[in-house]
Amino acid sequence: MTRLILASQSPARTKLLSNAGIAHEVLVSDVDEDAVQARYGVTDPHDTALLLARAKAEAVASLPEAEGALVIGCDSVFEFDGEAHGKPYTAEVAKERMLRMSGRLGVLHTGHWLVDCRDTDGGPDSEGGGAGTGATLGFVNSAEVHFLEMSEDEIDSYIATGEPLQCAGSFTIDGYGGAFIRKVDGDPHTVVGLSISTLRALLGQAKVGVTELWTGGAANPADIRAE
């Protein structure tokens with residue numbers, strides 16, 4: 001069976017894959033994002049998202065546990081007023097950003113990088129059945145996020161939940177933050193942190209059909225509506 005490893009500790013990303021019925025493992029990379037950016041000097045938010053996604057995927061792909069698997073790394077960067085916004089980490093930074101974002105829009109860039117770690121020699125006993133392509137490729141999905149007007153009290157209450165502190169741009173669409181988003185122009189999965197359609201395209205370039213990873217355990221829409 002084809003193995004897919006998600007090089008991310010993000011619960012939102014693994015939930016996306018699980019809800020889409022895509023079998024995967026989680027193996028977290030030990031990447032120092034600040035060090036990677038300092039090394040390459042990338043300032044463009046679009047390129048930064050791809051660079052960090054690649055760094056995470058390649059770090060995990062180098063581990064023995066990744067032998068015979070496909071590794072997908074992702075990273076999200078929010079672009080607002082021409083600036084790249086990662087995770088705010090502190091309440092002060094999150095509040096300053098959200099006060100500026102109120103009633104306005106920004107662009108969420110999510111980089112995806114896929115590394116094919118399967119053997120390519122074709123031997124029947126090889127890891128991955130010898131079906132590997134040696135592919136290492138990436139793509140960035142970008143979505144425009146339009147925010148509603150937010151009062152200072154609402155922002156303070158949102159920050160008090162702790163949710164925005166570990167999120168690129170200081171918000172999520174699939175949690176409390178969804179209350180403050182008017183619309184998204186683009187793939188909503190991009191805003192969550194992993195585009196399923198982009199993953200399908202990257203897998204296709206590695207000669208793997210997304211249906212090969214289906215578990216039959218996709219989220220049932222009826223169950224979701226009933227929750």
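**Salt bridges and a buried aspartate**

Biologist: What does lysine 183 count as at 34% relative accessibility?

Modeller: Keep in mind that this is a predicted model. Buried would need under 20% and exposed over 50%. Lysine 183 has a relative accessibility of 34%, so it counts as partly exposed.

Biologist: And which residue does the side chain of lysine 183 meet in a salt bridge?

Modeller: The partner has a relative accessibility of 35%, so that residue is partly exposed too. The two side chains meet at 3.9 Å, N to O, and the cut-off for a salt bridge is 4 Å. The partner of lysine 183 is aspartate 185.

Biologist: Which residues do salt bridges with shared partners join into one network?

Modeller: Here we're following salt bridges that have partners in common. They link up Asp81, Glu83, Glu96, Arg100 and Arg104.

Biologist: Let's pick a pair from there. How many residues apart are arginine 100 and glutamate 96?

Modeller: Their side chains meet in a salt bridge at 3.5 Å, N to O. Arginine 100 is partly exposed at 24%, and glutamate 96 is partly exposed at 41%. Both sit in helix H4 (residues 91-101), where their spacing is about one turn of the helix, or four residues.

Biologist: Which helix holds both glutamate 58 and arginine 54?

Modeller: These two form a salt bridge, with their closest N and O atoms 2.8 Å apart. Glutamate 58 has a relative accessible area of 34%, so it's partly exposed, and arginine 54 is partly exposed at 36%. They're four residues apart, about one turn, in helix H3.

Biologist: How many salt bridges does the structure hold?

Modeller: We've already met a few, including the one between glutamate 58 and arginine 54. Another joins lysine 183 and aspartate 185. For the structure, the count of salt bridges is 12.

Biologist: On to aspartate 116: is it buried or exposed?

Modeller: Aspartate 116 is part of strand S5 (residues 105-116). Leaving out residues up to four places away in sequence, it touches Ala69, Leu70, Gly132, Thr133, Gly134, Ala135 and Ala206. Its relative accessible area is 6%, and the cut-off is under 20%, so aspartate 116 is buried.

Biologist: Which residue's side chain makes a polar contact with the side chain of aspartate 116?

Modeller: The cut-off to keep in mind is 3.5 Å between N or O atoms. This contact comes in at 2.8 Å, side chain to side chain. The partner of aspartate 116 is arginine 118.

How values were computed: Residues are numbered from 1 along each chain as its sequence is written. This is a predicted model: local features need pLDDT of at least 70, side-chain atom pairs count only at pLDDT 80 or more; totals for chains, interfaces and linings use all residues. Side-chain values use heavy atoms; hydrogens and water are left out. Helices (H or I, at least four residues) and strands (E, at least two) are DSSP runs, numbered from the N terminus. Buried means under 20% relative accessible area, exposed over 50%, partly exposed in between (1.4 Å probe, protein chains only). A polar contact is a pair of N or O atoms within 3.5 Å; within protein, one must be able to donate a hydrogen and the other to accept it, and residues adjacent in sequence count only if both atoms are side-chain atoms. Contact means heavy atoms within 4.5 Å.
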